Amino acid sequence: MSEYLVDIKNERLSFFTPAGEVKALNDVSIQLKEGEVLGIVGESGSGKSVTAYSLMGLTAHPGKLLGGSLIFNGHQIDQMSEKEMRKIRGNEISIIFQDPMTSLNPVYTIGNQIMEAVLFHTDKNRAQARERARELLELVGINEPDKRLKQYPHELSGGMRQRVMIAIALACEPKLLIADEPTTALDVTIQAQILELMMSLKERLGMAIIMITHDLGVVASMCERIAVMYAGKVVEYGTAEDIFYNPRHQYTKGLIRSIPRIDTREHERLVPIEGTPVDMLNPPKGCPFAPRCEACMKICLREMPPVTSFGEVHYTQCWLNQKEEMEKGAANE
Amino acid sequence: MKQNPISFQLKLNPEDFLPATEEEKQSQVVMRESISFWKDGMRRLVRNKVAMVSIVVIIVVMLFSFVVPAFYPYSYKEQMKGANNLAPMEYSEEEQARIEAGEKVFPHIFGTDKMGRDYAIRVMMGSRISLVVGLIATGIILIIGSAYGSIAAFFGGRVDLIMMRIVDIIYTVPDILLIVLLSFALNAPLENLKNAPGFAWVGVVGKNLISIFIVFALLYWVGMARMVRSQVLMLKESEYVTAARALGVGNGKIIKKHLLTNCIGTLIVTTTLQIPSSIFTESFLSFLGMGVAVPLPSLGSLASDAINGMNTYPYLLFIPALLISLIILSFNLLGDGLRDAFDPKLKN
Amino acid sequence: MLKYIAKRIGLAIVTIWAVATITFFLMNMVPGGPFLSEKAISPQATAALEAKYGLDKPLPQQYITYMWDALHGDFGDSLKQRGRTVMDIIKMKFPVSARVGGLSVLVALLIGIPLGSIAALKRGKFLDSLISVVATCGIAVPSFVICTLLLYFLGVKLRLLPTIGLSSWKNYVMPVLALSFYPTAYIMRLMRSSMLDVLGQDYMRTAKAKGVSGILILFKHALRNAILPVVTYVGPMLAYTVTGSFVVEKIFTIPGLGGEFITAISGRDYTLIMGTTIFLATLIIVMNVIVDIVYKIVDPRIKLK
C-alpha cells in the first residue's frame, strides 16, 4: 500500500474527437496524502477536471486512458471494472461540480437526491436515510432542513444548491472530496461562504480535498499542495509556499503576477500573460507554453522539457530551470 | 526522489539555450482560420451527404414537374381512345398500328389510367401541383407568420398578450376539421368570384387550390408566428444586442448584423420544414377529394383514384404514393441538414 | 395551480365557442340546402321541412337557437338520417373511432418511447442509424400511403388480414398500424433527441458520481426527464389520430365517426356537421387541457400560479 491516498503516475489520456486526437493529459503525476488539500490550478482546457474525473472513472465518452497508474486508497483505479468503481464513487470519493444550477436533477426533491446516495452505499432503510439526509443538510448549514428535503432544486438559490451538492457528496463520509471549481458559478459573497464551509467540514470529517480552480486566490487560502497545469501537463508542483514564494516556472510566475494583491503600490499594473492558450488539436512540438513564454529558448520549441526537482516535493517541467540547475551543477563541480 | 539526472538521450548544444526569436515563437502557434457564420454553415451543409442528396432529388423532381411536361408528347387531360388502362410501356391497338406503319410513338412509361390518359404526365403534373401548393402555402405562412410574430414581439405588453392569446386559440383549433369545412364552404363564393369580371384567373388557378391557400393563410401561420416572436424577443433581450447598443451601434446595423444573422438561420430551417408539411396537408385533402379540381391531378388525388383499381393496377397507386413520400422525405432531410448547418442551437 | 387550470379551461371554452361559431357560419355558406338533392320533393314540402328544422328563420336567430340547444347537449336531429338525433349518431359511431384511436396512441407510445431511448443510448451505432432512418421515413409518409400499402400487401396480396369492417381483432391490426405509424415515428425522433439532451446534462454526471447503477440512472434519472417532451406531444397526437381517422376509416371502411363526418359534409347534413365538429373539437381541446395540466404536475420546474 502506498503512503499516499491518491497516487497518480504518468497518466496519459486522450479524447478521440471527430476532428482528431486531443491529448488532454500528458504524463500527469499527482500525489496526495490523507487529510491533505491539493489545489489544481490552470486555465480552461488545461486538463484539471479531466484528471479529477479520471480518478473517479467518470471520463466522458470519446476519452480514453492510454497509460499510467491511478491508485486511490489502495485501489488500482485504472484496472477496476465499472461495477467495482460504483462501490467507490459517492462512497469513498465524492465530487462537487461547477454549476449547482444544472447538477441536480430538476424532477426530484432534494431529499430524494441525497437519500439516493445513502441508500445505495449503506444498509440504512428509507426512514434512516431520510434522517441522515436531514443531518447532512444541517451539517452543510441549511436552515429548516425538514422543509428543504421536500423542495425541488429550482426552489433553491445557487448557494443553497451548492450546499446540497456538498451534502450529497458527504453522504457516505468519503475519504476524498473532489471540488471542481465549486465556486465559479456563484456570487462572490457566496463563494467565500462555500469555501469556508468546505474547510470546516474538512476539519470535522478529516477528508482529503482536491480543489480544482483557475483562481489562485482560492488555492492560496486552502491548499497545502498545488499543481499548476498547462495544456495537459503539470508544469509545476509544490507546497503552497513553494508555489507562492518561490515559483520557478514562467507560467506560474505569470499567474502570480496577474493576481491583484492588497500590498501593491498604487498605479502598479497587473501583468497579464500574453498570447492565447494552445490549440489542443495541434499542440506544439516542444513545451506547450513556449510560444507565450518570455524566456523562451530555441530548445523549448523543439523538445518537451524534462522534470527538474528542487526538493522533496517541488518540481517543474521547464528547460530554463533545467538549464539553471545544470549550470549550478557545473559551477559546483 | 524526483531527481532527474541529465541522463536522457538528448544531444544538447549550448546554442539550444539561446533565447528564441519572436518569429520562431509565432511559428509554433497554430491558429485555425476564423470563418464567417454563413461560410461555416455552407461548409457544413455541403459536407452533409444526406442533405446534398436531398437537394439533388428535389431538383430532379422539380425538373420533371416544371420543365419536362412542356416537351412531353402527351397532355395530362387528353383522353386517348382505346388506350384505357394500359400497362407501363404498353401501346394501344391504334398506336401499335402506327408503329407498324413506321411511325414513332412515345411509350406510356407508366401506362395510362382508366380514362386513357398518359399516367406519366399526370404524375408529373400532380407533383407540380403538390410542389406549387407546398411552396406558395409556405410563402403565405412565412409572410403572415413573421409579420404577426414580429409585430407582437416589437410592441410587447398588452398588444403582445392579446395577439398571442389569439394565436393560442387558433393553435388549439383542430386544423383538419376546419380545413375540410373551409374548403367546402369556400367553393361557392369562389365559383361566383370566378364569374365576376376581372377575376377570371380564379378559374385558371382552380378554386380548390385557392381555398387551400386561404386555409393555410388562416390557420397555419400560428406556428411560424410563435417562432418568430420568440426569436425576436430573445434577440431583443440578448446581451450582445444590449452590448452593441451600449457601444453606440445604430439600429439599422444592429438589425442587419445581429437580428438578421441570428434569426434567418432559424427562419430558413422552419420554412424548409414547413414545405413538406404543407404538401402533406394538400395530399391529405386531395385524397379525401377536397383538393384540386378534375381534370387537374395532384399526387393525393391520383392515389385516391387508384385505390379502387388497386388489385389490377397497383402501380397506379404506388407511383404517386411513393413520389409524395419521396418529396416530403427530401424536404424533411434538407431541413434537418440546414438546421444542423445554420442553427446548431436548435439541435435537439 | 387552480388559477392556472381555470385560465386554461377559460381559454378552452373560448376556443370551443369560436370553433362552433366559425363552423356554423361556414356551413351556411355551402351552397345548396340539405333537401335540394331530393328532387321528388315539391317546393311546398321543402319549405315545410325547412320550417320544421327552423331553416327558414334568419341566420342569427338560427345561430342563437342552435347554440342554446348545443349548450344543453342537444345537437338536434340529423337532416339526412331521418329519425336519428346527432347525439345518437355520435354515441353509435364514436366508440368505434375511439377504440381505433386509443389503441393507436397506445401503440405509438409503447413502441416510440423504448425505440427512441435505445437509439439515443446506442448513439452512432448501427441500431441508432436503423431506428433513425425508419423514424425519418416514417414522418415523411402520409397516412393514406401507409394505409394503401398495408391494404395492398397484407390484405390483398398476402390475404393475411381482413380488409373491411371490424368484426374481429384482426380487423384492428391494419387500421391501428396505419394510424399509429406517424405518431410512432415522431415519438421515436422526439424521444431520441430528448434522451440525448438529458444524457448530456450535468445531473446525469452527478448521479453517476454518486455511484448509482446504470439501470437506475437510466430509469430514474434519464427516462423521467426525457419523457417530458413526449407528454407535451400527446395532445397534438390525439388531434392527429382523431382527424387521421378520416382517411383510415375511409380506406378500411370502418363505421366510425370520421367516415360519418365526410359523408355529412358531402350530404350537406348541417346539424350532423355541426355536431361532429363541435364534438371532436371539444374532445381534442379538452384532451389538450388535460395534457397541459398533467405536464405541469409531472415537471416541477414549472411554477403553477
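How many helices and strands does the secondary structure of chain B come to? The answer is 14 helices and zero strands. Chain C has twelve helices and zero strands. This is a predicted model, and the predictor gives the complex an ipTM of 0.80 and a pTM of 0.80. Here is a friendly tour, starting with confidence and ending with one glycine.

**Confidence**

- Chain C has a mean pLDDT of 81, with 89% of its residues at 70 or more.
- Within chain C, confidence is highest in helix H4 (residues 86-121) of chain C, at a mean of 90. It is lowest in helix H2 (residues 43-52) of chain C, where the mean is 69.
- For chain B, the mean pLDDT is 78, and 86% of its residues reach 70 or more.
- Helix H3 (residues 49-71) of chain B marks the high point of confidence in chain B, at a mean of 90. The low point is helix H9 (residues 201-205) of chain B, at 67.
- Please read the start of chain B with care: pLDDT stays under 50 over residues 1-9 of chain B. The model has ten contacts beyond four places in sequence for that stretch.

**Overall build of chains B and C**

- Read along the sequence, chain B follows the pattern α-α-α-α-α-α-α-α-α-α-α-α-α-α.
- Of the 348 residues in chain B, 38% are buried.
- Taking the contacts in chain B between residues at least 6 apart in sequence, 70% join residues at least 24 apart.
- From the N terminus on, chain C runs α-α-α-α-α-α-α-α-α-α-α-α.
- Chain C has 305 residues, and buried residues make up 41% of them.
- In chain C, 75% of the contacts with a separation of 6 or more are between residues 24 or more positions apart.

**Where chain C meets chain B**

- On this interface, 39 residues of chain C are in contact with 35 residues of chain B.
- Several helices of chain C each supply at least two residues to the side that touches chain B, among them helix H1 (2-29), helix H7 (169-199) and helix H12 (270-298) of chain C. Helix H5 (126-138), helix H6 (143-157), helix H10 (228-251) and helix H11 (257-266) of chain C do so too.
- H1(C) gives the largest share of the side of chain C that touches chain B, with ten residues.
- By residue type, that side of chain C divides into 30 nonpolar, eight polar and one charged.

**Helix pair H6 and H7 in chain C**

- The axes of H6(C) and H7(C) come within 9 Å and cross at roughly 145°, and H6(C) passes H7(C) in a right-handed crossing.
- On the H6(C) side, the contact is made by Ser143(C), Ile146(C), Cys147(C), Leu150(C), Leu151(C), Leu154(C) and Gly155(C).
- H7(C) brings Met174(C), Leu177(C), Ala178(C), Leu179(C), Phe181(C) and Tyr182(C) to this contact.
- The residues of the contact divide into eleven nonpolar, two polar and no charged.

**Chain A: a helix pair and a covered helix**

- Helix H4 (residues 110-121) and helix H7 (residues 158-170) of chain A have axes that come within 8 Å and cross at roughly 25°.
- That angle makes H4(A) roughly parallel to H7(A), and the crossing of H4(A) past H7(A) is right-handed.
- Ile110(A), Gln113(A), Ile114(A) and Ala117(A) of H4(A) make the contact with Val164(A), Ala167(A) and Ile168(A) of H7(A).
- Six of these contact residues are nonpolar, one is polar and no residue is charged.
- Helix H1 (residues 48-55) of chain A is mostly covered, with eight of its eight residues buried. Its buried residues include Lys48(A), Thr51(A) and Tyr53(A).
- After H1(A) comes Gly57(A), whose phi is positive, near 70°.

**A closer look at Gly41 of chain B**

- Gly41(B) sits in helix H2 (residues 37-47) of chain B.
- Is Gly41(B) buried or partly exposed? Gly41(B) is partly exposed, because it has 19 other C-beta atoms within 10 Å, and a buried residue needs 20 or more.
- Not counting residues up to four places away in sequence, Gly41(B) touches Ala341(B) and Phe342(B).
- Gly41(B) and Ala51(B) are ten residues apart in sequence, and their C-alpha atoms lie 13 Å apart in space.

Methods: Residues are numbered from 1 along each chain as its sequence is written. Chains are lettered from A and ligands numbered from 1 in the order in which they are written. This is a predicted model: local features need pLDDT of at least 70, side-chain atom pairs count only at pLDDT 80 or more; totals for chains, interfaces and linings use all residues. pLDDT is the predictor's confidence in each residue, from 0 to 100. Helices (H or I, at least four residues) and strands (E, at least two) are DSSP runs, numbered from the N terminus. Two residues are in contact if their C-beta atoms, placed from the backbone, lie within 7 Å. Ala, Val, Leu, Ile, Met, Phe, Trp, Tyr, Cys and Pro count as nonpolar, Asp, Glu, Lys and Arg as charged, and the others, Gly among them, as polar. A residue is buried if 20 or more other C-beta atoms lie within 10 Å of its own, exposed if 12 or fewer, and partly exposed in between; C-beta atoms are placed from the backbone. Axes are lines fitted to C-alpha atoms, for helices over the stretch in contact, and angles run from 0 to 180 degrees between N-to-C directions. Angles under 35 degrees count as roughly parallel, over 145 as roughly antiparallel, 65 to 115 as roughly perpendicular and the rest as oblique. A crossing is left-handed if the near helix is turned anticlockwise from the far one by less than a right angle, and right-handed if clockwise.
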